[in-house]
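User: I am new to reading protein structures. Can you take me through the hollows and the ligand surroundings in one of them?

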Amino acid sequence: MAVDLLLGLQWGDEGKGKIVDVLTKNYNIIARFQGGPNAGHTLEFDGIKHVLRTIPSGIFHEKSINVIGNGVVIDPVVFVKELEGLDKYHIDYVSKLIISRKAHLILPTHRLLDAASEASKGKAKIGSTLKGIGPTYMDKTGRNGIRVGDLELETFKQKYKSLAKKHVAMIDFYDVDIQYDLDEMEVEFFESLEKLKKLTFIDSEEYLNQAIKSEKTILAEGAQGSLLDIDFGTYPFVTSSNTTAAGACTGLGVAPGKIKEVYGIFKAYTTRVGSGPFPTELFDDVGAKMAKVGHEFGAVTGRARRCGWLDLVALKYTCEVNGVTQLMMMKSDVLSGFDHLKVCTSYNYKGEVIKHLPYNIEAENVTPIYTNFKCWKEDLTKMTEASQLPKELNDYIDFLEKELELPIKIVSVGPDRKQTIPR
Ligand code: GDP
Ligand code: IMO
Ligand code: MG
């Protein structure tokens, strides 16, 4: 069988966790392929809300196997807390969760380096989640990183000590005031490693390719969003990995030809958390209403998410870069009752009207050009079938499908598993 792929088309928090949970019943294996505890994926069912960070969103289904691929970076401390959070639900994660030996470890000093780097940038800071993501991927590409498989070696402690020592010197180099007690952090780190070692480490590329041969169904779960991709995002205000479709190949070891469906997921409007350009951002009451109704606060850091209209220029770009085959529109319920809606269909870029995403999308270069829409008044949250959706919402959907040349196959009308309408 092939691998299907689900990824976010905006700046993250599109609702990936919810939809992976909804789709898991159709798959044997759910696999995360990049990112780490900077992700916060929310699932809601039976009146309970769960936020997952590194663990794939298929974990609550009895039969699914959940793989953490080589492209993921794991913080043992955060990870063990996440596991402990599952204990009260009696989730058998020891048999359902397996980890690639090639996944890199986030050390306590990576977190400190993240904080030092951000502090040194002042106003130009990325707005990182400060989970150590950037420094860990830097060590990976710099060929200094420590991997899960190293835990099985006798030289692990030595490797750790030498890398941590180097990090301490680097933190000093930043010349910023970062207070820390490394001894204390190390106690927590090494305790967490002992718990991590109770899980199964595998050569996940081998495991997944065997699974493909034996007709198992696999869903690759993206993290972050395509506009946070290290290559194709709004650099430098991005994360440190490839969040786009190609990242699934390198982050799992599956060949491009093995990818079948690419589910692209987007909110009916746009949000962003952290710094960086956002052409359709709203600074008025309308933006404030989106934030309030949509509860737009980061699942990881609790920071307020910036809100704005849907940006079709950016969305078209991310559909293309990812090879999206079908779309899913989230949080449609949030827009109910707005006076009107706007969709950005082109940019005025330095005096010229363009329909592609240019190199610079800062406010001084780009002014969005909008098409207006009537908004629906109905509360969508109790609707269960496409036939119930109001005319104005159908008009909005039809327009997006035409512009993006892709079908919108799911309309989400609330955070719960059940609030999901197939089309
Ligand atoms: P992810 O990182 O892509 O998994 O998304 P997050 O979990 O960070 O953020 C999405 C938020 O929107 C979560 O609080 C979800 O519970 C919530 N959510 C998902 N889909 C919907 C929806 O259709 N309507 C509403 N109102 N909330 C939704
Ligand atoms: P999910 O998977 C939203 C953003 C941060 C910051 C930038 C870099 O929940 O959609 P990093 O910690 O990676 O160095 O931060 O990327 N960011 C996210 N924004 N959702 C996420 O993940 C994010 N992961 C990182 O806010 O602007
Ligand atoms: Mg999130």
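What follows is a set of short questions and answers on this predicted model.

User: How many cavities of 30 Å³ or more does a search of the whole structure find?

Analyst: A cavity is a space where a 1.4 Å probe fits but cannot get out. The search covers the whole structure and counts cavities of 30 Å³ or more. The count is one.

User: What is the volume of the largest cavity, and which residue in its lining is charged?

Analyst: The volume is about 40 Å³. By class, the lining has six nonpolar, two polar and one charged residues. The lining residues are Leu9, Gln10, Trp11, Leu227, Thr270, Leu310, Asp311, Ala314 and Leu315. Asp counts as charged, so the residue asked for is Asp311.

User: Which elements each supply at least two residues of that cavity's lining?

Analyst: Leu310 and Asp311 are in the lining, and β14 spans 310–311. Ala314 and Leu315 are there too, and α11 spans 312–322. The elements are β14 and α11.

User: Now the second largest pocket. Which element gives the largest share of its lining?

Analyst: This pocket has a volume of about 580 Å³. Three elements each supply at least two lining residues: α1 (16–23), β3 (41–45) and β4 (48–52). The largest share is four residues, and it comes from β3.

User: Which residues lie nearest the centre of the second largest pocket, and how does its lining divide by class?

Analyst: The lining holds 28 residues. Nearest the centre are Thr42, Gly294, Arg305, Lys331 and Pro415. By class, the lining has eight nonpolar, ten polar and ten charged residues.

User: Let us turn to ligand 2. Which residues come nearest to ligand 2, and how many polar residues are in its shell?

Analyst: There are 20 residues around ligand 2. Lys16, His41, Thr129, Gln224 and Thr239 come nearest. The shell has seven nonpolar and three charged residues, and the polar residues number ten.

User: Which residue offers a backbone N or O atom to an oxygen atom of ligand 2?

Analyst: Two side chains can be set aside here. An N or O atom in the side chain of Lys16 is 2.7 Å from an oxygen atom of ligand 2, and the side chain of His41 also has an N or O atom 2.7 Å from a ligand oxygen. The backbone atom lies 3.1 Å from an oxygen of ligand 2, and it belongs to Val273.

User: How much of the accessible area of ligand 2 does the protein cover?

Analyst: On its own, ligand 2 has 550 Å² of accessible area. The share that the protein covers is 97%.

Conventions. Residues are numbered from 1 along each chain as its sequence is written. Chains are lettered from A and ligands numbered from 1 in the order in which they are written. This is a predicted model: local features need pLDDT of at least 70, side-chain atom pairs count only at pLDDT 80 or more; totals for chains, interfaces and linings use all residues. Side-chain values use heavy atoms; hydrogens and water are left out. On a 1 Å grid over the protein atoms alone, a cavity is a set of points where a 1.4 Å probe fits but cannot get out, and a pocket is an open set with protein on both sides within 12 Å along at least five of seven lines; lining residues have an atom within 4 Å of a point. Grid points are joined across faces, edges and corners, and a volume is the space filled by probe spheres set on the points. A residue is near a molecule or strand if one of its heavy atoms lies within 4 Å of it. A polar contact is a pair of N or O atoms within 3.5 Å; within protein, one must be able to donate a hydrogen and the other to accept it, and residues adjacent in sequence count only if both atoms are side-chain atoms. Accessible areas come from the Shrake-Rupley method with a 1.4 Å probe; for residues, only the protein chains shown count as cover.
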